[in-house]
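Biologist: Got the model open? I'd like to go through helix packing and empty space.

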Amino acid sequence: MEALRAFRSIKKDSALDRLDPRTRLVFSFTVAALSLITLSVQRQLILFGTVVLAALLAKRLKLMLEGVKGILPLAGAIFFLNWLTAMHEGILQPLAMTLRFLVLTAAFSVFFLTTPPDELALALEEMHLPRDYSLLITMSFRFVPTLAQDVQIVIDALRSRGLELEKGGFTTRIRNYVYLMVPLVVFEVRRSLMIAEALEARGFGARTKPTRMVKLKLTRNDVLALFLIASFAVLFLVMS
């Protein structure tokens, strides 16, 4: 649940919030790309430290770390599976793969914590992504934290009726999670129908290209930030 909350945008006044969302997107993609091209534990730690610094500048370090804490069981499973399939290579490669997973998650967590869905849609459209696809991506990430809230609501409702999801044997737990999934699926299907009707009522898909009330514009701070990101990427690649 903490991992899903790490993707919920929260409005704050910070240096990162004042940047254009495209600049924040470039930062996250740059860190992710650099993480994918290296298998060095030291360099993965450098990238993770960079993301921590960005989260500190965005005043969301605690939220980002809570998200990382939420995915630690999954990170542990990644480490174990990589170690199990390549025992002869020691623990460095499994550790690097695990750190890569944490870096990717943390980098995009910082982006989504600082970028509301509306800004994400604007950024994607400014990058000339077709509106259908930008809406698809925006809606997907907009409802990740909403889904987490819905799961928590259903769990609380089941607990108020005396059902403990984490108690009982393996079969009992599977049956308990069916009780969780059924109302959740029904609720999300109803929500998707409501969204489809709302989009249709607002003329989504009409041939006339809609105008925007807000337009994104790169400032001097964005140019400086992009220069720093590019310099960091070049330095990182030279070190490799």
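Biologist: This is a predicted model, right, so what angle do the axes of H2 and H7 cross at?
Modeller: Predicted, yes. The H2 and H7 axes cross at roughly 85° and come within 9 Å. H2 is therefore roughly perpendicular to H7, as angles of 65 to 115 degrees count as such.

Biologist: Which residues make the contact?
Modeller: H2 brings Pro21, Arg22 and Arg24. H7 brings Glu119, Ala123 and Glu126.

Biologist: How do the residues of that contact divide by class?
Modeller: Four are charged and two nonpolar, with no polar ones.

Biologist: Switching to empty space. How many cavities of 30 Å³ or more does the structure hold?
Modeller: One. The volume of the largest cavity is about 50 Å³.

Biologist: Which residues line the largest cavity?
Modeller: Arg24 and Glu119 are among them, and both also belong to the contact of H2 with H7. The rest of the lining is Ser9, Ile10, Lys11, Asp17, Arg60, Leu113, Thr114 and Pro116. By class that lining has five charged, three nonpolar and two polar residues.

Biologist: And pockets? How much space lies in the largest pocket?
Modeller: About 740 Å³. It has 26 lining residues, and the closest to the centre are Glu125, Arg131, Leu135, Leu199 and Phe204.

Biologist: Which helices each supply at least two residues of that lining?
Modeller: H7 (117-126), H8 (131-160) and H9 (170-201). H8 gives the largest share, with seven residues.

Biologist: What's the class split for the largest pocket?
Modeller: The lining has 11 nonpolar, nine charged and six polar residues.

Biologist: How much space lies in the second largest pocket?
Modeller: About 510 Å³. There are 22 lining residues. Nearest the centre lie Leu16, Leu19, Leu57, Ala225 and Leu228.

Biologist: Which helices supply at least two residues each there?
Modeller: Four do: H2 (21-36), H3 (41-57), H6 (92-114) and H10 (220-239). The lining of the second largest pocket divides into 15 nonpolar, five polar and two charged residues.

Biologist: Now tryptophan 83. Where is its place?
Modeller: Tryptophan 83 sits in helix H5, residues 72-85.

Biologist: Is tryptophan 83 buried or exposed?
Modeller: Neither label fits. Its relative accessible area is 30%, so tryptophan 83 counts as partly exposed. Buried would mean under 20% and exposed over 50%.

Biologist: What is tryptophan 83 in contact with, leaving aside neighbours within four places in sequence?
Modeller: Gly90, Ile91 and Pro94.

Biologist: What separates the C-alpha atoms of tryptophan 83 and arginine 24?
Modeller: 34 Å. Along the chain, the two are 59 residues apart.

Biologist: Zooming out. How many helices and strands does the chain have?
Modeller: 10 helices and zero strands. Read along the sequence, the pattern is α-α-α-α-α-α-α-α-α-α.

Biologist: What box do the C-alpha atoms fill?
Modeller: Roughly 60 × 55 × 30 Å, taken along the principal axes.

Biologist: What percentage of the chain do buried residues make up?
Modeller: 35% of its 240 residues.

Biologist: Last one. Among contacts between residues at least 6 apart in sequence, what share join residues at least 24 apart?
Modeller: That share is 77%.

Notes
Residues are numbered from 1 along each chain as its sequence is written. This is a predicted model: local features need pLDDT of at least 70, side-chain atom pairs count only at pLDDT 80 or more; totals for chains, interfaces and linings use all residues. Side-chain values use heavy atoms; hydrogens and water are left out. On a 1 Å grid over the protein atoms alone, a cavity is a set of points where a 1.4 Å probe fits but cannot get out, and a pocket is an open set with protein on both sides within 12 Å along at least five of seven lines; lining residues have an atom within 4 Å of a point. Grid points are joined across faces, edges and corners, and a volume is the space filled by probe spheres set on the points. Ala, Val, Leu, Ile, Met, Phe, Trp, Tyr, Cys and Pro count as nonpolar, Asp, Glu, Lys and Arg as charged, and the others, Gly among them, as polar. Axes are lines fitted to C-alpha atoms, for helices over the stretch in contact, and angles run from 0 to 180 degrees between N-to-C directions. Angles under 35 degrees count as roughly parallel, over 145 as roughly antiparallel, 65 to 115 as roughly perpendicular and the rest as oblique. Contact means heavy atoms within 4.5 Å. Buried means under 20% relative accessible area, exposed over 50%, partly exposed in between (1.4 Å probe, protein chains only).
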